[in-house]
Amino acid sequence: MTLLFDPQPPVLAATSDGHQFPVRRLYCIGRNYAAHAREMGMDPDRDPPFYFTKWAETVVPSGSVIAYPPLTQDYHFEGEMVVAIGKGGRNIAREAALDHVYGYATGLDMTRRDLQFEAREKGRPWSVGKNFEQAAPLGLIHSVSEVGHLSSGPIRLTVNGEVRQDADLSDLLWPVEDVIVHISQAYRLEAGDLIYTGTPAGVGAVVPGDEIVVSIGGLTDTQVTIGPRAAA
Ligand code: MN
């Protein structure tokens with residue numbers, strides 16, 4: 001038996017101490033900061049957390065130039081804290097949830113907002129608005145043994161040096177423990193999974209040439225530059 005074509009190579013994310021973290025799946029939490037839920041036109045009523053997924057191959061390292069994606073006129077940044085899962089499990093208990101975390105990183109949930117909103121209005125899946133090439137820039141992963149667990153501290157995003165998002169991790173409606181508990185009831189979480197924990201208020205559009213930087217206290221920044229428009 002021969003392979004019909006080359007399989008996708010593994011997606012590897014760099015850690016702060018020189019290891020490689022094999023990426024398995026991405027879970028992204030929606031509306032996890034009250035002020036962002038309001039700016040999206042929703043009540044932050046603390047419904048159970050909800051999420052969507054992205055392909056592992058959407059991960060690109062900090063420092064990348066990412067193409068302005070096709071089909072959108074409203075390409076948005078969402079700065080987020082990312083949780084890297086190091087140990088799998090199903091129906092994880094809240095007291096044990098943080099034992100499943102390998103570490104934390106800064107990241108971006110890049111979004112074709114016009115396509116997301118069109119899908120939302122029509123009751124369709126969000127995939128075309130959220131899951132596309134280079135849609136999940138990721139900074140270095142810092143291990144829990146290096147930085148501990150992150151439940152408070154500043155999360156900030158700048159575009160061309162101007163502060164656009166400025167909040168605190170303690171504003172998360174559903175903290176990391178609760179998110180792990182909830183996802184693990186729907187799926188078996190696996191080592192290599194990444195959880196993009198949601199974005200604070202202040203999301204907005206970028207254009208080719210813009211530079212985005214996401215900072216979280218204790219972690220390495222994620223920095224990307226928006227490149228030219230991708231060929232449709
Ligand atoms: Mn998001």
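# Q&A on a predicted manganese-bound model

Leu12 sits in strand 1, residues 11-14. The model is predicted, so let's walk through it piece by piece.

Me: Which residues does Leu12 touch, leaving out those up to four places away in sequence?
Reply: Leu12 belongs to strand 1 and comes out partly exposed, at 42% relative accessibility. Its C-alpha is 22 Å from that of Leu98, a residue 86 places off along the chain. Skipping residues up to four places away, the contacts of Leu12 are Gln20, Phe21 and Pro22.

Me: How many helices and strands are there in the protein?
Reply: Helix 5, for one, covers residues 176-186, and strand 18 covers 222-229. The full tally for the protein is 5 helices and 18 strands.

Me: What radius of gyration does the protein have, set against a compact globule?
Reply: The C-alpha atoms fill a box of roughly 55 × 45 × 35 Å along the principal axes. For 232 residues, a compact globule would come out near 17 Å, and the protein agrees with that, because its own radius of gyration is 17 Å.

Me: What share of the contacts in the protein, at a separation of 6 or more, comes from residues 24 or more positions apart?
Reply: Buried residues make up 49% of the 232 in the protein. Among contacts with a separation of 6 or more, residues 24 or more positions apart account for 78%.

Me: What part of the accessible surface belongs to carbon and sulfur atoms?
Reply: Charges first: the protein has 19 positive and 29 negative side chains, with the centres of the two sets 6 Å apart. The accessible surface comes to about 10700 Å², and the carbon and sulfur part of that is 52%.

Me: Which residues are the protein donors of the manganese ion?
Reply: Along the chain, the donors follow the spacing E-x1-E-x28-D. They lie 2.0 to 2.1 Å from the ion, through OE atoms for the two Glu residues and OD for the Asp. The donors are Glu78, Glu80 and Asp109.

Me: How many residues apart in sequence are the parts that Glu78 and Asp109 tie together?
Reply: Both residues are donors of the manganese ion. Glu78 is in the loop between strand 7 (75-77) and strand 8 (79-85), whereas Asp109 is in the loop between strand 9 (101-108) and strand 10 (111-112). The pair therefore ties together parts whose separation in sequence is 31 residues.

Me: Is Asp109 buried or exposed?
Reply: The cut-off for buried is under 20% relative accessible area. Glu78 meets it at 4%. Asp109 has 0% relative accessibility, so it counts as buried.

Me: Which elements are included in what covers the buried residues of helix 5?
Reply: The buried residues of helix 5 are Val176, Asp178, Val179, Ile180, Val181, Ile183 and Ser184. As background, residues three or four places apart in an α-helix point the same way, because there are 3.6 residues a turn. The cover on the buried residues of helix 5 includes strand 3 (26-30), strand 4 (50-54), strand 8, strand 9 and strand 15.

Me: How far apart are the C-alpha atoms of Ala191 and Phe21?
Reply: Ala191 is in the loop between helix 5 and strand 15 (194-196), and at 41% relative accessibility it is partly exposed. Leaving out residues up to four places away, Ala191 touches Arg24, Ile85, Gly86, Lys87 and Gly88. Phe21 is 170 residues from Ala191 along the chain, and their C-alpha atoms are separated by 9.3 Å.

Me: What is the phi of Leu71?
Reply: Leu71 lies in the loop between strand 6 (65-68) and strand 7. With a relative accessible area of 62%, Leu71 is exposed. Although Leu71 is not a glycine, its phi is positive, at about 75°.

Me: And what is the phi of Asn160?
Reply: Asn160 is in the loop between strand 13 (154-159) and strand 14 (162-168). At 49% relative accessibility, Asn160 is partly exposed. Asn160 isn't a glycine either, yet its phi is positive, at about 55°.

Me: What distance separates the C-alpha atoms of Ala230 and Pro70?
Reply: Ala230 falls in the segment after strand 18 and is partly exposed, with a relative accessible area of 28%. Leaving aside neighbours within four places, Ala230 is in contact with Ala67, Tyr68, Pro69 and Pro70. Ala230 and Pro70 are 160 residues apart along the chain, and their C-alpha separation is 5.8 Å.

Terms used:
Residues are numbered from 1 along each chain as its sequence is written. This is a predicted model: local features need pLDDT of at least 70, side-chain atom pairs count only at pLDDT 80 or more; totals for chains, interfaces and linings use all residues. Side-chain values use heavy atoms; hydrogens and water are left out. Helices (H or I, at least four residues) and strands (E, at least two) are DSSP runs, numbered from the N terminus. The radius of gyration is taken over C-alpha atoms; the globule rule is 2.2 Å times the number of residues to the power 0.38. Buried means under 20% relative accessible area, exposed over 50%, partly exposed in between (1.4 Å probe, protein chains only). Contact means heavy atoms within 4.5 Å. Accessible areas come from the Shrake-Rupley method with a 1.4 Å probe; for residues, only the protein chains shown count as cover. Lys and Arg count as positive and Asp and Glu as negative; His and the chain ends are not counted. The place of a charge is taken as NZ of Lys, CZ of Arg, CG of Asp or CD of Glu. Donors are N, O and S atoms within 2.8 Å of the metal (3.2 Å for Na, K and Ca); water is not among the atoms, so sites may look incomplete.
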